[in-house]
Amino acid sequence: MSEDYRPMWADLGLDLKAHDALLGVLGNAYQDIFLSQKERPEGMGYFDFVMSEVHGLRIKELLDEKAAGRKIVGCYCVFVPEELVLAANATLVGLCAGADFATDAVERLLPRNTCALIKSTFGFKLGKVCPYLESADMVVGENTCDGKKKAYETLDHLVDNLFVMDMPQAKSAQGKSLLKAEYYRFKSALEDLTGVAVTVQSLRQAIETVNAKRAAIHRLSALRKADPAPISGLDALLANQVFLYDNPARFTDAVNKICDELEVRVENKMGVSAARKPRILVSGCPQAVPNWKLPFIVERSGAVIVGEESCVGERGTRNLTDASGESVDEMMEAITDRYFKVDCAIFTPNPDRLAHIEEMAAAYKADGVIHYGLQFCQPYLMEAIPVEKALEEKNIPCLRIETDYSNEDAGQLKTRVEAFIEQLR
Ligand code: BJ8
């Protein structure tokens with residue numbers, strides 16, 4: 001990092017010693033996992049810079065926005081519509097965390113058998129190491145899985161201004177009405193926070209900004225369908241991980257630049273390696289920064305990940321929002337339509353997700369699917385069983401993984417992943 005950000009972090013109330021330790025671990029992991037890869041697109045230099053400044057320059061930018069009167073909203077789920085946040089003149093940042101931190105303190109507040117993602121969120125708060133969370137003027141929790149739902153009751157005592165959004169559990173007409181009503185309640189809360197009323201113009205502009213960001217990611221995903229794959233799964237995952245941290249317009253430009261470069265690679269049949277690698281689709285729980293354990297193991301074992309059926313991936317970004325509405329209500333309906341298609345495993349039943357996995361496996365020419373489930377995540381671990389069965393019936397090999405954020409099972413995972421990849425060759 002080029003500047004001394006320590007005064008900024010101290011002002012935000014971070015524990016500087018713990019934060020230094022976190023950045024040290026993160027920097028080393030990034031070096032070993034990302035910078036050691038061969039044949040990376042030059043455009044990834046942008047994401048290397050973003051990651052090197054993820055707690056530095058980006059936080060300074062957010063604090064500058066705050067000083068200029070803009071509000072920062074933090075979220076933990078892709079059901080929080082960025083369109084509404086931008087239209088109310090605020091900035092949305094993702095707060096999901098992908099590393100264990102302050103585990104003893106966390107386990108005094110949450111049961112041990114809580115998924116790593118929720119524990120990590122609490123660990124970053126209790127350990128005072130997340131400058132995004134400390135910069136947020138509002139934090140949005142959503143009643144998705146039971147773990148999150150109940151954890152927000154506790155989180156409410158730890159953060160100021162937690163807005164809890166109720167979520168439907170079924171894809172019914174009533175479910176959709178509930179979602180739309182909750183989005184209206186969220187819009188009002190945002191307007192109260194910022195003092196800015198959402199209008200047809202601001203909403204249209206916001207929809208176009210977020211759609212442009214999604215369209216850039218769609219372009220990147222489409223290029224990964226080429227054989228050989230022109231970019232590693234790790235690098236593509238990183239772009240998806242930065243989706244909710246970066247300035248939207250700058251992110252869109254950076255992804256489009258990488259795509260320009262990858263188009264040339266695809267034309268010249270240049271891949272991430274000269275030899276053909278088995279192609280893997282990863283499906284399941286979101287992989288938040290810096291959770292790179294599974295893709296690192298998969299790609300170091302000689303395969304390439306070509307797609308993520310995940311909220312940090314295609315489940316989160318696949319659909320655009322219709323910007324053609326002529327009233328705020330028509331646009332609220334379009335936003336509800338778009339988000340209601342997200343096929344998170346909290347919905348019951350949830351046949352669309354299985355159909356999407358099969359569609360992705362075919363479109364990305366995957367030789368096999370790895371189902372990634374976080375330990376204690378009932379929705380995804382439960383769905384993993386019918387997913388595996390359905391894929392096997394279609395002769396698509398599937399490996400079901402259940403893991404957490406620790407490295408304790410890395411050796412065992414590696415053995416299972418290597419055997420799976422061998423079976424695909
Ligand atoms: S839309 S996947 S981002 S809820 S891993 S906390 S489900 S026990 S993260 Fe998610 Fe929104 Fe759904 Fe996507 Fe619960 Fe499972 Fe933990 Fe999870």
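## Aspartate 20 and arginine 6

Aspartate 20 is partly exposed, because its relative accessibility is 34% and the partly exposed class runs between 20% and 50%. The model is predicted. In it, the side chain of aspartate 20 meets that of arginine 6 in a salt bridge, 2.7 Å from N to O. The pair links distant parts of the chain. Arginine 6 sits in helix 1 (residues 6-11), and aspartate 20 sits in helix 2 (residues 16-35). They are 14 residues apart. Arginine 6 also has a relative accessible area of 34%, so this residue too is partly exposed.

Side chains of opposite charge can pair when their charged atoms come close. How many salt bridges does the structure hold? The count is 40.

## Two further long-range pairs

Arginine 219 and aspartate 260 form another salt bridge through their side chains, again with an N to O distance of 2.7 Å. Arginine 219 lies in helix 11 (residues 200-223) and aspartate 260 in helix 13 (residues 248-267), so the salt bridge ties together parts 41 residues apart in sequence. Arginine 219 has a relative accessible area of 25%, so this residue is partly exposed. Aspartate 260 is partly exposed as well, with a value of 42%.

Glutamate 309 and arginine 353 also meet in a salt bridge, at 3.0 Å from N to O. This pair links a strand to a helix: glutamate 309 is in strand 6 (residues 304-309), and arginine 353 is in helix 17 (residues 351-363). The two residues are 44 residues apart. Are these partners buried or exposed? Both glutamate 309 and arginine 353 are buried.

## A salt-bridge network

Some charged side chains are joined beyond simple pairs. Which residues are linked in a network of salt bridges? The members are Lys176, Lys180, Asp329, Glu333 and Asp337.

## Helix 12 against helix 14

Two packed helices are described by the angle between their axes and the distance between the axes. For helix 12 (residues 233-242) and helix 14 (residues 293-300), the angle is about 160°. Their axes are 9 Å apart. An angle over 145 degrees counts as roughly antiparallel, so helix 12 and helix 14 are roughly antiparallel to each other.

Helix 12 brings Gly233, Leu234 and Leu237 to the contact. Helix 14 brings Pro295, Phe296, Glu299 and Arg300. By class, the contact has 4 nonpolar, 1 polar and 2 charged residues.

## Around the ligand

How many residues surround the ligand? There are 16. The closest are cysteines: Cys115, Cys145, Cys311, Cys344 and Cys377. By class, the shell has 13 nonpolar residues, 1 polar residue and 2 charged residues.

## Unusual backbone geometry

Most residues other than glycine have a negative phi, and most peptide bonds are trans. Some sites here depart from that pattern.

Where are the cis bonds? The peptide bond from valine 289 to proline 290 is cis, with omega near -5°. Proline 290 is in the loop between strand 5 (279-284) and helix 14. A cis peptide bond also joins threonine 348 and proline 349, with omega about -10°. Proline 349 is in the loop between helix 16 (328-340) and helix 17.

Positive phi values turn up in loops too. Alanine 102 has a phi near 45°, a positive value in a residue other than glycine. Alanine 102 lies between strand 2 (90-94) and helix 6 (103-109), in the connecting loop. Its relative accessibility is 27%, so alanine 102 counts as partly exposed. Lysine 365 has a phi near 50°, also positive. Lysine 365 is in the loop between helix 17 and strand 7 (368-374). Its relative accessible area is 44%, so lysine 365 is partly exposed.

## Threonine 199 and arginine 265

Threonine 199 is in the loop between helix 10 (173-194) and helix 11. Is threonine 199 placed as buried, exposed or partly exposed? At a relative accessible area of 32%, threonine 199 is partly exposed. Arginine 265 is 66 residues from threonine 199 along the chain. The C-alpha atoms of threonine 199 and arginine 265 are separated by 43 Å.

Key:
Residues numbered from 1 in each chain as written. Predicted model: local features only at pLDDT ≥ 70, side-chain atom pairs only at ≥ 80, totals over all residues. Heavy atoms only, no water. Axes fitted to C-alpha atoms, helices over the stretch in contact; angles between N-to-C directions. Helix = DSSP H or I, 4+ residues; strand = E, 2+ residues; numbered from the N terminus. Parallel < 35°, antiparallel > 145°, perpendicular 65-115°, else oblique. Contact = heavy atoms within 4.5 Å. Nonpolar A, V, L, I, M, F, W, Y, C, P; charged D, E, K, R; others polar. Salt bridge = Lys/Arg side-chain N within 4 Å of Asp/Glu carboxyl O. Buried < 20%, exposed > 50% of the residue type's maximum accessible area, 1.4 Å probe, protein only. Near = heavy atom within 4 Å.
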